[in-house]
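These are my notes from an afternoon with one protein chain. I put down each thing I looked up and what I found.

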Amino acid sequence: MSNKSRKVFLSFLGTGNYKECKYVSKKKGESRVVEYVQEAILDLYATDFSKDDIAYFFLTEEAETKHWNKLEQRVNSKSYQIKSIKDIPEGYSEEDIWNIFETVFSVLQNEDQVILDVTHGFRSLPMLGIVLLNYAKSLKKIKVQHILYGAFESLGAAYNIEDRIPNPEDRKASLLDLSAFSAIQTWTFGAESFIETGNAKTITDLSLENIRPILIESKGSDNTASNIRNLMKAL
């Protein structure tokens, strides 16, 4: 078994009547025409996934019946593993939400590199997902690569989309990266730890991680990045 960390995709399959469109990411560009946002995310963000990496799909009974067979065929890949986690509760009670939390947390392994899709599912899911990932960052040392939301609603109402925008090629919905919300929580924890205890490890690690690409690209000549590096070393 490989010692390198896995790349992991986590997604909840919804129960809506999905329409074909393209998803547009500022970082990754434009997807092909897809029916499911998961297709677009995997096409754009899982290009470096290997046989040791995995895409998890969490399915309620209704979502499985309505969409899973079709989606499974569309995302079938020989490059990485596809696994469905079935009988996920709907999330309409506190007990359901804790059940979802424990189920998702249980599939994560130490040092996983995680992409989370929060497009579908109960409306508390984005908040639950961000909290869960921060919990896993502490206990399982995972890395949050992306938290993504496919904003099909940016095209307007779905019920008359065929009349308003007949050609799916012309339907271009935003694919938003919400990873900054997870990063903000980590920065907050780091700042609080530094203020309360004098421990600067979290904020120095975060700072050095963020400036490293700038220093590499500039070959160490970027003054701002160099000053931040020196400050972090002093702390």
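**Entry 1: the whole chain**

How many helices and how many strands does the secondary structure of the protein chain come to? I found eight helices and eight strands. I also noted at the start that this is a predicted model.

Next I looked up the overall span. The C-alpha trace covers about 60 × 40 × 35 Å along its principal axes.

I then checked burial. The protein chain has 235 residues, and 45% of them count as buried. The exposed surface comes to about 13,400 Å², and carbon and sulfur atoms supply 51% of that area.

I looked at contacts as well. Taking those with a separation of 6 or more, I found that 71% join residues 24 or more positions apart.

Last, I looked up the charges. There are 29 positive and 33 negative charges, and their mean positions lie 7 Å apart.

**Entry 2: helix α7**

I turned to α7, which runs over residues 201–218. Does its length agree or disagree with what its 18 residues should span? It agrees, because 1.5 Å a residue gives 26 Å and the end C-alpha atoms are 25 Å apart.

I also looked for a bend. Isoleucine 211 in α7 marks a kink of about 35 degrees, and proline 213 follows shortly after.

Which residues of α7 are buried? I listed Ile203, Thr204, Leu206, Ser207, Ile211, Leu215 and Ser218. Ile211, the site of the kink, is therefore also on the buried list, being under the 20% cut-off. The cover over these buried residues includes α6 (179–197) and α8 (223–234).

I kept a general point beside this list: an α-helix has 3.6 residues a turn, so residues three or four places apart point the same way.

Just past the end of α7 I stopped at lysine 219, where phi is positive, about 55 degrees.

**Entry 3: two more positive phi values**

I wrote down the background for this entry: most residues other than glycine have a negative phi.

Where does aspartate 87 lie? I found aspartate 87 in the loop between β5 (81–85) and α3 (94–107). Its phi is near 60 degrees, a positive value. Aspartate 87 counts as exposed because its relative accessible area is 61%, and the cut-off for exposed is over 50%.

Lysine 141 sits in the loop between α4 (125–139) and β7 (143–151). Its phi is positive too, near 55 degrees. Is lysine 141 buried or exposed? Lysine 141 is exposed, with a relative accessible area of 54%.

**Entry 4: helix α3**

I went on to α3, the helix that follows the loop holding aspartate 87. α3 has 14 residues and reaches 21 Å from first C-alpha to last, close to the 20 Å expected.

The buried residues here are Asp96, Ile100, Phe101, Thr103, Val104, Phe105 and Val107. What covers them? The cover includes β1 (7–13), β4 (54–59), β5 and α4.

**Entry 5: three residues of α6**

α6 had already come up as part of the cover over α7, and I checked three of its residues.

Alanine 183 is found in α6. It counts as partly exposed because its relative accessibility is 32%. I compared it with asparagine 134, which is 49 residues away along the chain; their C-alpha atoms are separated by 8.9 Å.

Threonine 188 is also placed in α6. It is partly exposed, at 45%. Threonine 188 and aspartate 170 are 18 residues apart in sequence, and their C-alpha atoms are 41 Å apart in space.

Serine 193 lies in α6 as well. Is serine 193 buried or exposed? Serine 193 is buried, because its relative accessible area of 16% falls under 20%. Leaving aside neighbours within four places in sequence, I found serine 193 in contact with Gly198 and Asn199. Isoleucine 41 is 152 residues from serine 193 in sequence and 35 Å from it, C-alpha to C-alpha.

**Entry 6: asparagine 160**

My last stop was asparagine 160, in the loop between β7 and α5 (161–164). Asparagine 160 is buried, with a relative accessible area of 18%. From asparagine 160 to tyrosine 45 I noted 115 residues in sequence and 30 Å in space, C-alpha to C-alpha.

Methods:
Residues numbered from 1 in each chain as written. Predicted model: local features only at pLDDT ≥ 70, side-chain atom pairs only at ≥ 80, totals over all residues. Heavy atoms only, no water. Helix = DSSP H or I, 4+ residues; strand = E, 2+ residues; numbered from the N terminus. Buried < 20%, exposed > 50% of the residue type's maximum accessible area, 1.4 Å probe, protein only. Contact = heavy atoms within 4.5 Å. Areas by Shrake-Rupley, 256 points an atom, 1.4 Å probe, with all protein chains shown as cover. Lys, Arg positive; Asp, Glu negative; His and termini not counted. Charge placed at Lys NZ, Arg CZ, Asp CG, Glu CD. Expected span 1.5 Å × (residues − 1). Bend = angle between axes of the 7 residues up to and from the residue.
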